[in-house]
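Subject: Structure handover

Dear colleague,

I am passing on the structure we spoke about, and I would be glad if you could look through it alongside the notes that follow.

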Amino acid sequence: MKKAGLLKKISILVLVLVVPGFLYYLLTAEGKNRYKPLPVFGPKTLAKTTHRVNGKDIPDTIYHSVNDFKLTDQDGKTVSLQTLDNKIVVVNFFYTNCPTVCKEMNNNVNLLDSAYVKNKMVFFVSITVDPEHDSPTVLKNYAKAFKPAPAKWLFLTGDTSTIYSLARNGFLVNAVQNGKDGFIYSDKLILIDPERRIRGYYTGASDDDVSRLNDEIKVLIAEELRKNDKPLY
């Protein structure tokens, strides 16, 4: 029943995305927010610069952002965050020999990928925690089961030091090998805004969480529409 509800919600989303102005109307009115802004996750520091609010100087906040990286996609191409510059990105960690949760998690990513196939702002990235086995060829064969939209859903591999450091220090989740064929890794889908900031964590195998992610992707789209004051489609 939950899966059917999620499919229905995503079908409605597809219709909404066909008419970008309607999305903007739903989330804004007369230039004012009609939605609650998403939080920014990770450590924060105060900058030396300030901005004025109601006549008072308020210190600017420097938020945690994901450092750039270089990994390889399922087609053997080098991918970095610069490749996805100014995009909304949903990231998850997995490995192709995962016996349980990975397939369910990526099935949900597949639903979202299909819903946003015509949206130029939203991309999906799945990073393997088993790069010694998951070569680009292995990832390409694995991806065939999901039929991802070309260039919209990237499956990435690289070296363990880069991937594990990126998980811990960039996306602030666990990723480490545990024995010969075991891995400890996060089951979260991670929402990244165009400024490379973490805006949400969602349990990848939870229909309720994926539905919430779907809604909050729309919130980020609305934020970008407000910044640019023009359709991003």
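I begin with a contact between charged side chains: Asp75 and Lys140 meet in a salt bridge, with 2.5 Å from N to O. Since Asp75 sits in the loop between E5 and strand E6 (78-79) while Lys140 belongs to helix H4 (residues 136-143), the pair ties together parts that are 65 residues apart in sequence. Asp75 is partly exposed, its relative accessible area being 44%, and Lys140 is likewise partly exposed, with a value of 38%. Please keep in mind, here and below, that this is a predicted model.

Taking the whole structure together, a search finds eight salt bridges, and two more of them are described here.

One joins Arg212 to Asp209, where the closest N and O atoms are 3.7 Å apart. These residues are three positions apart in helix H6 (residues 207-228), so about one helical turn separates Arg212 from Asp209. Arg212 counts as partly exposed at 34% relative accessibility, whereas Asp209 is buried, with a relative accessible area of 18%.

There is also a network in which salt bridges that share partners join Asp193, Glu195, Arg197, Arg199 and Glu223. Within this group, Arg197 forms a salt bridge with Glu195, and the closest N and O atoms of that pair are 3.6 Å apart. The two partners differ in their surroundings, because Arg197 has a relative accessible area of 14%, which is under the 20% that marks a buried residue, while Glu195 is partly exposed with a relative accessible area of 42%.

Away from the charged pairs, helix H5 (residues 160-170) may also be worth your attention, and there the point to follow is burial. Which residues of helix H5 are buried? They are Ile163, Tyr164, Leu166, Ala167 and Gly170. What covers the buried residues of H5 includes several strands, namely E5 (71-72), E7 (88-94), E8 (122-128), E10 (175-177), E11 (183-185) and E13 (198-203). Strand E5, which appears in that cover, also borders the loop that holds Asp75, and this may help you to place the two regions when you turn the model on screen. Following H5 comes Leu172, whose phi is positive, near 60°.

With best wishes

Notes. Residues are numbered from 1 along each chain as its sequence is written. This is a predicted model: local features need pLDDT of at least 70, side-chain atom pairs count only at pLDDT 80 or more; totals for chains, interfaces and linings use all residues. Side-chain values use heavy atoms; hydrogens and water are left out. Buried means under 20% relative accessible area, exposed over 50%, partly exposed in between (1.4 Å probe, protein chains only). Helices (H or I, at least four residues) and strands (E, at least two) are DSSP runs, numbered from the N terminus. Contact means heavy atoms within 4.5 Å. A salt bridge is a side-chain nitrogen of Lys or Arg within 4 Å of a carboxyl oxygen of Asp or Glu.
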